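Q: I'm new to this one, so please pick a single part and take me through it slowly, then show me how the rest compares. Plain words are fine.

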Amino acid sequence: MTILVTGASGNTGRQVVDRLVAAGRPVRAMTRRPSAAPPRTGVETVEGDFTRPETWPAVLAGVERVYLFPFVEVDSEPGAGFVDLAVRAGVRRFVVHSAAAADFDSDDAPDDPDISALRRHLAEERLAHRAVERLVEASGAQWTHVRPGLLAVGALDWAGRIRDERVVRAPYAAAAFPWVHEADIADVAVAALLDDAHVGAAYTLTGPAKVSRAEQVAAIGAAIGTPVGFEELTPEQARTQWLDDGYDRQTAEWLIELLAAAVDGPDLLPPTDTYQRITGRPPRTFAQWALDHATDFRPLARTGEAG
Ligand SMILES: NC(=O)c1ccc[n+]([C@@H]2O[C@H](COP(=O)([O-])OP(=O)(O)OC[C@H]3O[C@@H](n4cnc5c(N)ncnc54)[C@H](OP(=O)(O)O)[C@@H]3O)[C@@H](O)[C@H]2O)c1
């Protein structure tokens, strides 16, 4: 029974592959660039692209279960999409990499001109992820939706500045979220791929507790053994920096609104006990995530440096 992992080169997909190999399951890893994928014992790497249907037959041949990354296209011709072809090829179970936003209770429409940038963004996320979930629910196959909240791995955006200057310049140091470790997402995804108990379930995953951005930076400093500063920007300074960095105005606006809401707005995403219920273990902390990623934040060794 081959298990196909899409998004296999990604932060979560890599760990899904690792766990399936460790469990002795035949794994096929899909990527758009197999030549860039390091060869791995027990893993068949195949070229596949959700936007190139000609790649799908070889990806799907002999596959019974799929870890489905959310970049799958949902508006293909009826009967002609990746999920349709997968079911015709023999796939009997999908585990969807979704997002907590899929479960947000809102009727907002993204094209409503009277809603805030954040509400528009959340509406887009909710509709996009629900569309993938619905596609799979309508396919006739078994399904499980894994819905992570904000990813701890987003802190890698700070890696360059931390490596070079040991400082983060960002707004809203007090904004706190229950960041989820990609290893926890992979644990739950693999449980759902292998164990019938999770069929038909939708799981919202978070870290164990809210951690502020200042606390994240302190945890990264502790993980690399060097203090890292947090220079707090005003929202205006952050907007200017993000526009200079190439973010579009809409993204800069919803980011500011999201962070502001996490300081003194409604609680968008409280911690869940889902991971503990499924695995019997507490979710990994942000401090653990920082330790696991310490090499991403340490200064790069310079070649040819004496001593
Ligand atoms: N940001 C958040 O806080 C948040 C919260 C909840 C959920 N999410 C969801 O989680 C995702 C990120 O997860 P991650 O960090 O594990 O992934 P990631 O590291 O960003 O990896 C992205 C993967 O997508 C694959 N991919 C890109 N275009 C593709 C295409 N056309 N066809 C097939 N595969 C394609 C890439 O594969 P190749 O390049 O090898 O082809 C890669 O493996 C987000 O995109 C979002 O949907 C995000």
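A: First, a bit of vocabulary: helices (H or I, at least four residues) and strands (E, at least two) are DSSP runs, numbered from the N terminus. Residue numbers start from 1 along each chain as its sequence is written. Keep in mind that this is a predicted model: local features need pLDDT of at least 70, side-chain atom pairs count only at pLDDT 80 or more, and totals for chains, interfaces and linings use all residues.

Let's look at α1, which covers residues 11-22 and gives the shell around the ligand its largest share, three residues. That shell has 24 residues in it, with S9, G10, T12, T31 and R32 the closest; a residue is near when its C-beta atom, placed from the backbone, lies within 6 Å. By class, you'll find ten nonpolar residues there, ten polar ones and four charged (nonpolar is Ala, Val, Leu, Ile, Met, Phe, Trp, Tyr, Cys and Pro; charged is Asp, Glu, Lys and Arg; polar is the others, Gly among them).

As for its build, α1 has twelve residues and spans 17 Å from first C-alpha to last, close to the expected 16 Å at 1.5 Å a residue (the expected span is 1.5 Å times one less than the number of residues). Which of its residues are buried? T12, G13, Q15, V16, V17 and L20, where buried takes 20 or more other C-beta atoms within 10 Å, exposed 12 or fewer, and partly exposed lies in between. Those buried residues pack against five strands, β1 (2-5), β2 (27-31), β3 (43-47), β4 (63-68) and β5 (93-97), and also against α6 (182-194); contact here puts C-beta atoms, placed from the backbone, within 7 Å.

Past the end of the helix, A23 sits in the loop that leads from α1 to β2. With 12 other C-beta atoms within 10 Å, A23 is exposed. From A23 to V168 you'd count 145 residues in sequence and cross 39 Å in space, C-alpha to C-alpha. G24 follows α1 and has a positive phi, near 80°.

Positive phi turns up elsewhere too. Most residues other than glycine have a negative phi. R166, in the loop between α5 (159-165) and β7 (167-171), isn't a glycine, yet its phi is positive at about 55°. Y172 also has a positive phi, near 55°, and belongs to the loop between β7 and β8 (176-177). R166 is partly exposed, with 17 other C-beta atoms within 10 Å, whereas Y172 has 22 such neighbours and counts as buried.

Now set another helix beside α1. α4 has 21 residues and reaches 30 Å from first C-alpha to last, close to the 30 Å expected for it. Its buried residues include R120, H121, L122, A123, R126 and H129, and β4, α3, β5, β6 (142-148) and α9 are among the elements covering its buried residues. On the α9 side, A117, L118 and H121 of α4 meet Q250, E253, W254, E257, L258 and A261. That contact has five nonpolar, two polar and two charged residues.

One last stop is A80, in the loop between β4 and α3 (82-89). A80 is exposed, with 9 other C-beta atoms within 10 Å. A80 and E125 are 45 residues apart in sequence and 24 Å apart in space, C-alpha to C-alpha.

Conventions
Contact = placed C-beta atoms within 7 Å.
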